[in-house]
Amino acid sequence: MAKPRIVQILIRNLAAAAATLLGLLVVTFVIGRLLPIDPVLAAVGDRASADVIAQARAEMGLDLPLYRQFGIYLAQAVRGDFGQSVLTAQPVIADIARVFPATLELATAAMLIGLLLGVPMGVAGAVWRGRWPDHLVRIVGLVGYSVPIFWLGLMGLLIFYAKLGWVGGPGRIDVYYDGAVPPISGALLIDSLIAGNITVFVNAFRHLVLPASTLGLFSLAYLSRMTRGFMIEQLSGEYITAARIKGLSELRVVWVHAFGNILVPLVTVIALGYGSLLEGSVLTETVFSWPGLGLYITHSLLSADMNAVLGGTLVVGAVFVGLNLFAEMLYPVFDPRAR
Amino acid sequence: MESLFRRACRLNRRAFLRGGLGALAGSLLPVSALAGVPSDLFVMAFALDDVISLDPAELFEFTGAEIAANIYDRILYFDSSDVQKIVGGVAESWDVSDDGRTFRFGIRSGMRFHSGNDVTAEDAAYSLQRLVLLNKAPAFIFTQFGFTAQNVRDRIRAADPQTLVIETGQVFAPSFLYACLTAACASVVDKKTAEAHAENGDFGNRWLRTHSAASGPFSLRIWKPSELIILDRFDNYWRGEPAMRSVFIRHIAEPGVQRLLIERGDIDVARNLNPDQVVAIKDKPELRPDYARKGSLYYLGLNQKNAHLRIPEVRKALKYLVDYDGITSTILRGTAEIHQTVIPAGYLGALDERPFSLNPGEAKRLLAAAGLEGGFSVTIDVRNTRPDLDVAQSLQASFAQVGIALRIIQGDGKQVLTKYRARHHDIYLGRWGPDYQDPHSNAQAFASNPDNSDAGEVKTLAWRNAWDIPELTKMTDAAIHERDRAARIADYEAIQRRELDDSPFVILYQEVELAVERADVRGFVLGPSFDTVYYRGVTKV
């Protein structure tokens with residue numbers, strides 16, 4: 001008996017996802033081993049005696065051949081055990097559970113800013129192509145792309161936090177509120193709402209505004225540019241001319257006919273953009289002392305903390321694969337031909 | 001279905017926008033009224049990313065040692081104003097037998113752990129035993145006295161609840177053992193609490209990495225790696241209850257951000273500002289810089305595997321090619337003092353001799369004597385952080401004056417260190433801080449190399465620079481067994497003079513730590529080593 005089509009698609013996608021993640025692990029593992037950094041240094045420091053170093057090397061499995069190291073890691077990873085981080089001495093899974101919600105919260109806020117402002121700006125740029133709204137969109141896009149996010153973040157802190165006091169400072173929350181709400185989702189905005197603690201919610205929100213806006217500007221620049229490009233292509237189509245000749249309102253021509261046709265590529269762009277943000281922005285997280293995934297992976301990589309790097313990479317890969325699958329599932333919603 | 005979904009999305013979007021805009025409006029109100037740290041809380045910004053463990057038998061990083069110093073009590077301490085003077089900690093009295101092999105320590109009575117358990121000699125003995133038995137990074141500080149997994153329970157023991165006995169197999173200078181008992185690894189752990197959390201015979205190591213079982217002025221409430229540490233005061237602390245209810249130490253890696261925080265009053269102390277930033281805030285009366293000389297030395301290691309650097313005249317010439325004054329006055333600006341011997345100022349036997357200054361003429365003469373009038377090319381491995389890069393550029397400029405082409409190779413800290421430990425460098429710009437307050441810590445690093453072969457297991461700095469020194473190694477080893485103080489000082493002076501004259505080490509300067517405090521903060525002790533920074537006396541006026 002033939003399997004239903006949906007099951008076939010699911011099996012095919014899951015197999016592709018597994019192959020992608022396996023490939024990612026292999027590449028990351030090899031790169032990690034090629035790094036000119038001795039992982040034992042991070043574990044026991046520079047001054048440990050030779051027997052302590054040998055003991056640590058054996059405990060970390062570094063005395064085994066590479067293929068065996070990878071095999072052992074893979075067998076553990078399949079069981080959900082990503083090992084222990086050398087740098088934090090915690091299980092990698094616990095570390096990721098701690099840092100990923102911070103990145104998720106920041107990336108989601110940044111993506112919302114990009115989405116709510118970038119897409120309309122891109123549409124406006126295309127509709128008024130060559131006129132001042134278009135120039136404005138392009139300038140904002142240029143700034144978002146070209147100004148270093150590190151500088152932008154520091155300037156934002158200097159003006160809106162240090163001088164004006166409009167927003168919270170670095171970190172996810174004022175230190176006094178740390179632990180004030182039980183961590184359920186790990187996202188402070190959600191956890192504070194669940195706990196009904198408005199003070200913590202407002203404090204967390206004040207801390208989120210600036211990093212999310214800084215990262216959101218980058219997202220806005222990307223989305224507005226892509227939306228503008230897609231819309232220009234659609235608005236030059238003959239069916240748009242035909243719609244206008246039919247006497248349809250400009251609002252309907254732009255938002256229903258032209259915009260409706262760019263939804264499929266736009267969803268892909270948004271999914272990939274969101275995926276990039278969920279990797280964690282190392283510079284934004286550094287400037288705003290935001291304890292997220294990007295900083296965690298980078299710091300781990302520089303110490304050759306391979307369990308942490310591999311665990312983090314796997315999460316990032318899974319996020320990308322998941323978002324791609326999600327975008328694919330949305331295609332039929334926006335495009336009847338894909339149903 | 002589709003229309004319902006779309007309507008739901010629209011509703012949610014509206015609700016989100018309404019709620020979001022409301023929250024945004026509320027949150028953007030000026031907060032000057034909220035700025036400032038409450039008077040019974042102490043908040044500090046610090047780069048915390050090197051903390052790996054808070055177990056005294058395992059921690060060996062600067063920041064971790066500082067945190068532990070505020071959680072645990074050590075068996076002995078050294079006086080912060082005179083590091084050669086030993087004062088009591090958990091032990092209030094101590095003596096050594098006539099044969100110099102048996103040390104007895106009287107445990108201070110009335111001390112309690114945070115758990116409420118009494119502090120006894122059994123806890124002190126257990127703490128040192130687990131250090132040796134766990135054999136983690138700091139274990140060598142005590143295994144160098146001959147303690148092994150086989151003998152440590154016999155040689156370090158509690159004679160009675162108030163008496164700790166330590167028997168060393170050989171005769172050692174008492175000051176050497178006492179200095180080691182002031183190290184972070186000699187912190188006293190609550191045996192009952194640690195054993196209650198032990199797994200598979202690990203003496204509670206796994207649990208103690210992130211928890212505390214101590215008797216110090218603060219207990220550990222939270223440690224979130226590379227994010228936050230929160231300490232709560234211990235009301236029954238034997239030296240008196242700390243004024244601060246809690247200490248919050250937040251990981252802020254970026255110095256510019258630390259500056260914004262302290263200027264705004266959202267932290268009490270910023271620990272990682274750079275000298276330029278301190279110059280920029282000097283006119284702000286609400287802020288106060290605090291300086292403390294540390295034991296760390298910055299130095300150049302000249303690899304003796306390099307054919308040019310192996311020539312004694314070249315080694316000496318390079319010592320005349322450092323702009324010591326220029327580097328300390330324009331790059332380091334108060335965060336370093338010129339120091340040219342391998343034992344830091346303040347330590348037993350430290351020499352205050354500075355024979356070298358920038359002198360390209362003398363360097364040229366020495367190079368000519370070595371047959372290298374035209375100079376040569378050489379590389380320097382440097383961490384890609386400031387001030388190391390600035391110092392390397394200064395060296396590049398001064399070396400060029402005599403035709404030496406210095407190529408700077410930048411790298412991440414652990415990458416540079418890996419290369420250094422493999423002896424693959426030409427010149428290495430590094431930093432070395434003593435592990436304990438005794439001159440042997442540095443003498444062993446700079447003047448001991450028992451096996452100069454590539455397979456050598458003891459990777460001292462002398463080994464890393466392939467400096468084969470059998471006689472100096474013997475001299476360094478002999479100095480720790482010298483019981484006569486004056487003779488021991490003479491030993492270290494001789495070692496330092498030999499180093500000045502001939503070694504492949506160009507000692508540049510001694511580090512001065514900088515912290516910036518809010519003016520209302522009093523009693524924050526920035527001690528002479530990285531594990532003598534104390535929060536217990538902090539008050540706010």
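**Figure 1. Confidence of the predicted model in chain B.** Chain B has a mean pLDDT (the predictor's confidence in each residue, from 0 to 100) of 90, with 93% of its residues at 70 or more. Residues 1–34 of chain B have a pLDDT below 50, and this stretch makes 27 contacts beyond near neighbours in sequence in the model, a contact being heavy atoms within 4.5 Å. Where pLDDT is low, the predicted coordinates should not be read in detail. The model scores are ipTM 0.79 and pTM 0.84. Residues are numbered from 1 along each chain as its sequence is written, and chains are lettered from A and ligands numbered from 1 in the order in which they are written. In this predicted model, local features need pLDDT of at least 70, side-chain atom pairs count only at pLDDT 80 or more, and totals for chains, interfaces and linings use all residues, while side-chain values use heavy atoms, with hydrogens and water left out.

**Figure 2. Helices of chain A.** Chain A contains 14 helices and zero strands; helices (H or I, at least four residues) and strands (E, at least two) are DSSP runs, numbered from the N terminus. Along the principal axes, the C-alpha atoms of chain A fill a box of roughly 85 × 70 × 40 Å. The mean pLDDT of chain A is 86, and 97% of its residues reach 70 or more. Among the elements of chain A, the lowest mean pLDDT (77) belongs to helix H2 (residues 39–44) and the highest (93) to helix H9 (residues 198–235).

**Figure 3. Aromatic cluster and charges over a ring in chain B.** One aromatic cluster is formed by B:Phe142, B:Phe145, B:Phe147, B:Phe172, B:Phe176 and B:Tyr436. Rings of Phe, Tyr and Trp (its six-membered ring) pair if their centres lie within 6.5 Å, and planes under 30 degrees apart count as stacked, over 60 as edge-to-face and the rest as tilted. Over all chains, this rule gives 30 aromatic pairs. At B:Trp463, the charged end of B:Arg423 sits over the ring, 4.1 Å from its centre, and B:Lys459 lies over the face at 4.9 Å from the ring centre. A charge sits over a ring if NZ of Lys or CZ of Arg is within 6 Å of the ring centre and within 35 degrees of the ring normal.

**Figure 4. The largest cavity.** The structure holds two cavities of 30 Å³ or more; on a 1 Å grid over the protein atoms alone, a cavity is a set of points where a 1.4 Å probe fits but cannot get out, and lining residues have an atom within 4 Å of a point. The largest cavity encloses about 70 Å³, a volume being the space filled by probe spheres set on the points, with grid points joined across faces, edges and corners. Helix H19 (485–502) and strand S17 (505–518) of chain B are the elements that give two or more residues to its lining. S17(B) supplies the largest share of this lining, three residues. Among the lining residues are B:Lys319, B:Tyr324, B:Phe356 and B:Glu499.

**Figure 5. The second largest cavity.** This cavity has a volume of about 40 Å³. Its lining includes A:Ala43, A:Val44 and A:Gly45 together with B:Ile52, B:Phe60 and B:Ala137.

**Figure 6. Backbone geometry in two loops of chain B.** The peptide bond from B:Arg386 to B:Pro387 is cis, with omega near 5 degrees. B:Pro387 lies in the loop between strand S14 (377–383) and helix H14 (388–400) of chain B. B:Asn135, although not a glycine, has a positive phi of about 55 degrees.

Definitions and conventions:
On a 1 Å grid over the protein atoms alone, a cavity is a set of points where a 1.4 Å probe fits but cannot get out, and a pocket is an open set with protein on both sides within 12 Å along at least five of seven lines; lining residues have an atom within 4 Å of a point.
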